[in-house]
Amino acid sequence: MKTKCLIIGSGPAGYTAAIYASRANLNPVLYSGNQPGGQLTITTEVENFPGYPEGITGPELMDDLKRQAERFGADIRDGVVADIEVGTRPFRVKIDNGDELEADTIIVATGASARFLGLDDERRLWGMGVSACATCDGFFYRKKRVAVVGGGDTACEEALYLSNLAAKVYMIVRKDYLRASKVMQERVFAKENIEVLFNCNTVGLIGDDFVEGAKIVENKGTNEERHFDIDIDGFFLAIGHTPNTSFLNGKVELDEAGYVKTFGGTTATSVEGIFAAGDVADPRYQQAVSAAGMGCRAALDAEKYLAQL
Ligand code: NDP
């Protein structure tokens, strides 16, 4: 099978690229990846996507974008792209179910995944109290005690969500301030059952089969460290993301943090005919709306490239 335009990823960037590419008669094929709909499917309310004055839930927004892409004929498939051969034209692409296809252009919109602290205990107790998604797992912690690691908008959002379920929420923040936007900070500080532990790092988790506590070290920038434990049942990671670029196997140029590099103020990558959009290529903004905008640009760049062939 051959397509003029293969889109990899089904977040706002991928679906927007699909809407534009379909309307340009490129008959795009989109592979949805491990998490169809992307990261917004594991958030609650999205209040800052233009066009929704009352807000919308993440899953509803993604469903709308998907249906909009399908309306113009995008071929949206389940499956994960395993490998791309970049030395041939058209590109040869392998899907994890064994399927293969050829593509004249590729738009990489694979997003980013939640990051871990790197503690052995995190892996050991993953799914047993350790989570990276409050909206997925928060329900299990009703009237319990939980901790959220991180001081960004995601951490605040997770902490606020959990504060409506759990009896007590700790935020473990390594600096002496929150990086999150002012409005999120204010909401966090206004919640009586959220306690922010500034200048604190987690060095281990307590519990054999399930999280029972966390070992914390506080350091206010002096030589003195204070070691203490907190009793918790859930430990939620919200310390940012790692771009999903491992399947590219170094065939497309990445920056030092692993994000796809784009060139010349466009979505062009180091490989002619391959474009990138959304969080996978954007360490800076990482917003649904900026990802959607970049998906639009990638489809327009792909269309222009195809016209020159
Ligand atoms: P951020 O990179 O903004 O924040 C990550 C947080 O985790 C920081 O507080 C950082 O600390 C901390 N951190 C990173 N590594 C470690 C570590 N090893 N140990 C302890 N703490 C660590 O990521 P987010 O996921 O919060 O946000 C990503 C982007 O998405 C941002 O642009 C954000 O504004 C946006 N966003 C917007 C939302 C909204 O508008 N509703 C909701 C969610 C996200 P430090 O500050 O010290 O580096």
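This is a short talk on the domains, one sheet and some salt bridges of a predicted model.

Okay, let's start with how the chain is divided. The domain assignment gives two pieces: domain 1 takes 2-114 + 241-307, and domain 2 takes 120-237. So you can find them on the screen, look for two centres, taken over C-alpha atoms, that are 32 Å apart.

What goes into the contact between them? Five residues come from domain 1 and seven residues from domain 2. People often describe an interface by the accessible area that is lost when the parts come together. Here, about 490 Å² is buried between domain 1 and domain 2, and carbon and sulfur atoms give 60% of that.

Now the polar side of that interface. How many salt bridges does the rule find across domain 1 and domain 2? One. And if you ask for residue pairs in polar contact between the two domains, with both residues at pLDDT 80 or more, the count is zero. Those two results sit together fine, because the salt-bridge rule allows N to O within 4 Å, while a polar contact needs the atoms within 3.5 Å.

While we're on charged pairs, have a look at E47 and R187: their side chains meet in a salt bridge, with N to O at 3.7 Å. The structure as a whole holds 13 salt bridges. Another one to click on is D63 with R67, where the closest N and O atoms are 3.6 Å apart. Why do D63 and R67 sit about one helical turn apart? Because they are four residues apart in helix α2, which covers residues 58-71.

Right, on to the sheet. Three strands make an open, antiparallel sheet, and the order is β14-β15-β16. On the edges you have β14, at 200-206, and β16, at 225-231, each pairing on one side only. From one strand to the next, the twist averages 25°.

Let me zoom in on one pairing. β15 is residues 213-219, and with β16 it makes seven bridges in the antiparallel sense. If you want landmarks, G213 stands opposite D231 in β16, and I216 has F228 as its bridge partner, also in β16. Then follow the chain round the hairpin of β15 and β16: there are five residues between the strands, and G221 takes a positive phi near 90° there.

That's my tour, happy to take questions.

Conventions: Residues are numbered from 1 along each chain as its sequence is written. This is a predicted model: local features need pLDDT of at least 70, side-chain atom pairs count only at pLDDT 80 or more; totals for chains, interfaces and linings use all residues. Side-chain values use heavy atoms; hydrogens and water are left out. Two strands pair if DSSP finds at least two bridges between them. Helices (H or I, at least four residues) and strands (E, at least two) are DSSP runs, numbered from the N terminus. Axes are lines fitted to C-alpha atoms, for helices over the stretch in contact, and angles run from 0 to 180 degrees between N-to-C directions. Domain bounds come from an automatic or database domain assignment. Contact means heavy atoms within 4.5 Å. Buried area is the accessible area (1.4 Å probe) that two parts lose on being put together, summed over both. A polar contact is a pair of N or O atoms within 3.5 Å; within protein, one must be able to donate a hydrogen and the other to accept it, and residues adjacent in sequence count only if both atoms are side-chain atoms.
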